[in-house]
Amino acid sequence: TPALADSKVRAAMALALDRNGISKGLLGGACEPSAQIFPSSYWAASKKIPKSAIDYDAKKAKAMLVAAGYPDGFQMSLSSINAQQYSNVAEAVAQQLGKIGIKVDLQITEPVALIGNFVGAKTTDAYVSIWPGANDPSRTVTSLYMPTGLYNPGGLNIPQITSLAAEGLAGKTQDERANSYQALADATVENHMQLPICSASLPNAINGKVKNLLTTVGTALDVRNVEMTK
C-alpha cells in the first residue's frame with residue numbers, strides 16, 4: 001500500500017491510536033503506553049521522547065491524513081494471530097484507524113500464515129503482535145529497522161537510523177552504546193517506522209532468600225548469577 005511509505009501518513013496513524021484506552025480497556029492497565037519499541041526502564045530506551053508522542057487525537061489525525069493527500073483515506077490490510085490477546089488489540093487498532101478514514105481489511109489467521117504473508121508473500125500491509133525483545137538491542141534493531149531486516153519487508157531505509165545502528169553495535173561500553181541506541185529510538189519515533197502501543201509489565205515474585213535473579217528485555221529469566229541464602 002503506497003500510502004504507508006509516507007511518514008506523514010504514519011504520523012497520522014500514530015496519532016489515531018488510543019494507547020491509553022487499549023492498555024486500560026483491553027490489557028488490564030498492565031501495559032505502559034509508549035511510542036518507542038524499548039521499555040522505558042531499558043538502558044537502550046530514549047529518555048527524551050515527549051509525553052505528547054502517545055497523544056490520541058482522531059480529529060487532528062484525520063486532518064493530517066488530508067494534508068498528506070488522502071482526503072478519502074485509503075485501504076490497507078492488518079493481520080493478527082487467532083489468539084484473543086492479539087486479535088482484541090488488532091480489532092481496536094482497526095476501529096481506531098477507521099475513524100480517520102483508513103479502511104482496514106482485518107485478517108485473523110494462524111501464526112505461520114501471518115508471517116508468511118507479511119515477510120514472504122508480502123500480501124499483508126501490517127500486523128499486530130507482541131515484540132518479545134532480545135538479549136541485545138542490536139538484534140531488535142536489525143530485525144525491525146534495517147533495510148534488510150526480516151520484519152522490514154518493505155526495505156524502508158532511513159540513513160540516520162542505519163548509521164546509529166552501526167555506532168551502537170561498535171560501541172565498546174554499554175554507556176557508549178546507550179547514547180547511540182537512545183538516539184536511534186528517537187529517530188524511529190520521529191519517522192514512525194513502527195507504531196508501538198505499550199510495553200507490557202511482566203512481574204516475577206521471589207522470596208527474600210533469592211538474590212541476583214534478573215530478567216532480559218525479552219522477559220526471559222536470567223539465572224546465571226542467582227544466589228540463595230540460608
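Which residues in α1 meet which residues in α3? Keep that question in mind while opening the structure, which is a predicted model, and begin the tour at the two helices that it names.

**First stop: α1 and α3**

Select residues 7-16 for helix α1 and residues 58-67 for helix α3, whose axes come within 8 Å and cross at roughly 170 degrees. That angle makes α1 roughly antiparallel to α3, since anything over 145 degrees counts as such. Looking along the pair, one finds that α1 passes α3 in a left-handed crossing. Now show side chains: K8, V9, A11, A12, L15 and A16 are the residues of α1 that meet K60, A61, M64 and L65 in α3. Coloured by class, the residues of this contact divide into 8 nonpolar and 2 charged, with no polar ones.

**Second stop: the sheet**

Next select residues 74-81, strand β2, together with residues 102-109, strand β3; these two strands pair in the parallel sense over 8 bridges. Two positions are useful for finding the register: M76 stands opposite V104 in β3, and S79 stands opposite Q107 in β3. To follow the chain between the strands, add residues 84-98, helix α4, through which the chain crosses from β2 to β3 in a right-handed β-α-β crossover. Seen against the strands, α4 lies across β2 and β3 and runs at about 170 degrees to β2.

Then widen the selection to include β4, residues 126-127, which completes an open sheet of 3 strands in the order β3-β2-β4, with parallel pairing. The edge strands here are β3 and β4, each of which pairs on one side only.

**Third stop: α7 and α8**

Finally, move to helix α7, residues 159-170, and helix α8, residues 174-191, whose axes come within 8 Å and cross at roughly 160 degrees. This makes α7 roughly antiparallel to α8, and the crossing of the two helices is left-handed. On the α7 side, select Q160, I161, L164, A165, E167, G168 and L169, and on the α8 side R177, S180, Y181, A183, L184, A187, T188 and N191, which together make the contact. How many residues of the contact of α7 with α8 are nonpolar, polar and charged? The residues divide into 8 nonpolar, 5 polar and 2 charged, a division that can be checked by colouring the selection by residue class.

Terms used. Residues are numbered from 1 along each chain as its sequence is written. This is a predicted model: local features need pLDDT of at least 70, side-chain atom pairs count only at pLDDT 80 or more; totals for chains, interfaces and linings use all residues. Side-chain values use heavy atoms; hydrogens and water are left out. Axes are lines fitted to C-alpha atoms, for helices over the stretch in contact, and angles run from 0 to 180 degrees between N-to-C directions. Helices (H or I, at least four residues) and strands (E, at least two) are DSSP runs, numbered from the N terminus. Angles under 35 degrees count as roughly parallel, over 145 as roughly antiparallel, 65 to 115 as roughly perpendicular and the rest as oblique. A crossing is left-handed if the near helix is turned anticlockwise from the far one by less than a right angle, and right-handed if clockwise. Contact means heavy atoms within 4.5 Å. Ala, Val, Leu, Ile, Met, Phe, Trp, Tyr, Cys and Pro count as nonpolar, Asp, Glu, Lys and Arg as charged, and the others, Gly among them, as polar. Two strands pair if DSSP finds at least two bridges between them. A crossover is right-handed if, with the strands pointing away from the viewer, the path from the first strand over the helix to the second runs clockwise.
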